[in-house]
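Trainee: Can we go through this structure together? I'd like to start with the charged contacts.
Mentor: Sure, let's put it up.

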Amino acid sequence: MTKLRTPARPAISKAALPTGQILPGDCIEAMRTLPASSIDLIFADPPYNLQLGGDLNRPDGSHVDAVTDDWDRFDSFATYDTFTREWLAEARRVLKPDGGLWVIGSYHNIFRVGATLQDLGFWILNDIVWRKSNPMPNFRGTRFTNAHETLIWASMGEKAKYHFNYRAMKTLNDELQMRSDWLIPICSGQERLKDGGQKLHPTQKPEGLLYRVLLATTEPGDVVLDPFFGTGTTGAVAKRLGRQWIGCEREPAYRDGALRRIEDTLPLDESAITTMQSRKDAPRVAFGSLVEAGLIAPGTQLFDKQRRWSATVRADGSIQSGRETGSIHGVGKALQGAPSCNGWTFWHLSREGAPQPLDAVRQVYLLGIED
């Protein structure tokens, strides 16, 4: 039986927490400064310990940016395991009894991390496969292309309560249950932070990934901790969704970039953050995927071609028109009193002063994931 955390939370003294701050230095030491049982959710993107041997070049001879920084180097598996146990122990100490933990990694480290968190008493709820729609090819041609990473979602124990916004995830996925394989493009374009034309961070995660994690397993006002803050994706998405955040990051350049990025992030209107409560040929695209990707912002106003009805886009991909809430298809159907409705062609939005059907935005998204 799924043990869900109710929306009501016991009050905590958030004044004692350094929310909206990046704690400098080693993440283990930084977490030791936080009160016990004070954090609602931890999202961790720890070093992968890639064990890279030599440079990697494309067929044309150009160099491939990879993780060659000192923070990803460990002398042995034993050293990495010790580091993993120490930061996970602190994570367990600061999490609330109904808190949740997310860890992302590759085949280099995720199995070692998973075994350690189980040893410490965490209970694995799901392993999520983040399937990249545009992975880097294997230029050496010696292995399969690494086209995915794995996320572990865990609660504090087998019988521990935890939070899962099932209805929001179903709405985000066009009224189908959200599966454990997520197709999301890697971070690229304007979202990618750069310094002097070069990537500021080699493994910056896409905001769409964190959007889904936070929308699924937190509520507005929750405190989210990222012990490996990097360029601040967790903080930026938390701010957008009305969550509070704390970061730990030892690299000054990453801290500076993250702070600038988060400062430029605009929080969503409260009404847009509200999520739904519980109640085949071409690649299938959920309307929520466009919201996750930032192509359509929560709070955007939609209208039908004749402008008889209007609706507001919400954070989970649902829309609201008066008392009607639901998917783009369901709300359009209800407003018209029709047996069905294709929301992609029924609903429009204004772009550069001209009405544009949602399907045009969907085609832009499809071009992006097919590149």
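Trainee: How many salt bridges are there?
Mentor: The count comes to 16 salt bridges. A salt bridge here is a side-chain nitrogen of Lys or Arg within 4 Å of a carboxyl oxygen of Asp or Glu. Keep in mind that this is a predicted model: local features need pLDDT of at least 70, side-chain atom pairs count only at pLDDT 80 or more, and totals for chains, interfaces and linings use all residues. Side-chain values use heavy atoms, with hydrogens and water left out, and residues are numbered from 1 along each chain as its sequence is written.

Trainee: What does Arg167 form a salt bridge with?
Mentor: Its partner is Glu175, and the closest N and O atoms are 3.1 Å apart.

Trainee: Are those two buried or exposed?
Mentor: Arg167 is buried, at 3% relative accessible area. Glu175 is partly exposed, at 24%. Buried means under 20% relative accessible area, exposed means over 50%, and partly exposed is in between (1.4 Å probe, protein chains only).

Trainee: And Glu207, what does that one bridge to?
Mentor: Glu207 forms a salt bridge with Arg240, with 3.2 Å between the closest N and O atoms. Glu207 lies in helix 5 and Arg240 in helix 6, so the pair ties together parts 33 residues apart in sequence. Glu207 counts as buried at 16% relative accessibility. Arg240 counts as buried too, at 12%.

Trainee: How do you decide what is a helix or a strand?
Mentor: They are DSSP runs, numbered from the N terminus: helices are H or I with at least four residues, strands are E with at least two.

Trainee: Which residue pairs with Arg362?
Mentor: Asp359 does, and their closest N and O atoms are 2.5 Å apart. The two are 3 residues apart in helix 12 (residues 358-370), so about one helical turn separates them. An α-helix has 3.6 residues a turn, so residues three or four places apart point the same way. Asp359 counts as partly exposed, at 21% relative accessibility.

Trainee: Which residues are joined into one network?
Mentor: Glu29, Arg32, Glu90 and Arg93, through salt bridges that share partners.

Trainee: New topic, sheets. What is the strand order in the sheet of 8 strands?
Mentor: The order is 1-10-9-2-3-5-4-6, in an open sheet with mixed pairing. Two strands pair if DSSP finds at least two bridges between them. Strand 1 (21-24) and strand 6 (181-183) are at the edges with a single partner strand each, so one side of each has no neighbour in the sheet. The twist averages 20° from one strand to the next.

Trainee: How do strands 3 and 5 run?
Mentor: Strand 3 (residues 95-105) and strand 5 (residues 148-155) run antiparallel, joined by 6 bridges. Trp102 has Trp153 of strand 5 as its bridge partner. Ile104 has Leu151, also in strand 5.

Trainee: What about strands 4 and 5?
Mentor: They pair in the antiparallel sense over 8 bridges. There, Ala154 in strand 5 is the bridge partner of Ile124. Strand 5 is mostly covered, with 7 of its 8 residues buried.

Trainee: Over to helix 7. Which of its residues are buried?
Mentor: Tyr254, Arg255, Gly257, Ala258, Arg261 and Ile262. They cover an arc of only 170° around the axis, which puts them on the same side of helix 7. The arc is that of the directions from the helix axis to the C-beta atoms. On the other side, Arg260 and Glu263 are exposed.

Trainee: What covers the buried residues of helix 7?
Mentor: The cover includes strand 1, helix 5, helix 6 (233-240) and strand 10 (244-249). Contact means heavy atoms within 4.5 Å.

Trainee: Last one. What is the order in the sheet of 6 strands?
Mentor: That open sheet runs 14-13-12-11-15-16, with antiparallel pairing. Strand 14 (324-326) and strand 16 (354-357) stand at the edges, each with a single partner strand, so one side of each is left without a neighbour in the sheet. Strand 12 (residues 310-313) pairs with strand 13 (residues 319-321) over 2 bridges, in the antiparallel sense. In strand 13, Ile319 is the bridge partner of Val313.

Methods
Axes are lines fitted to C-alpha atoms, for helices over the stretch in contact, and angles run from 0 to 180 degrees between N-to-C directions.
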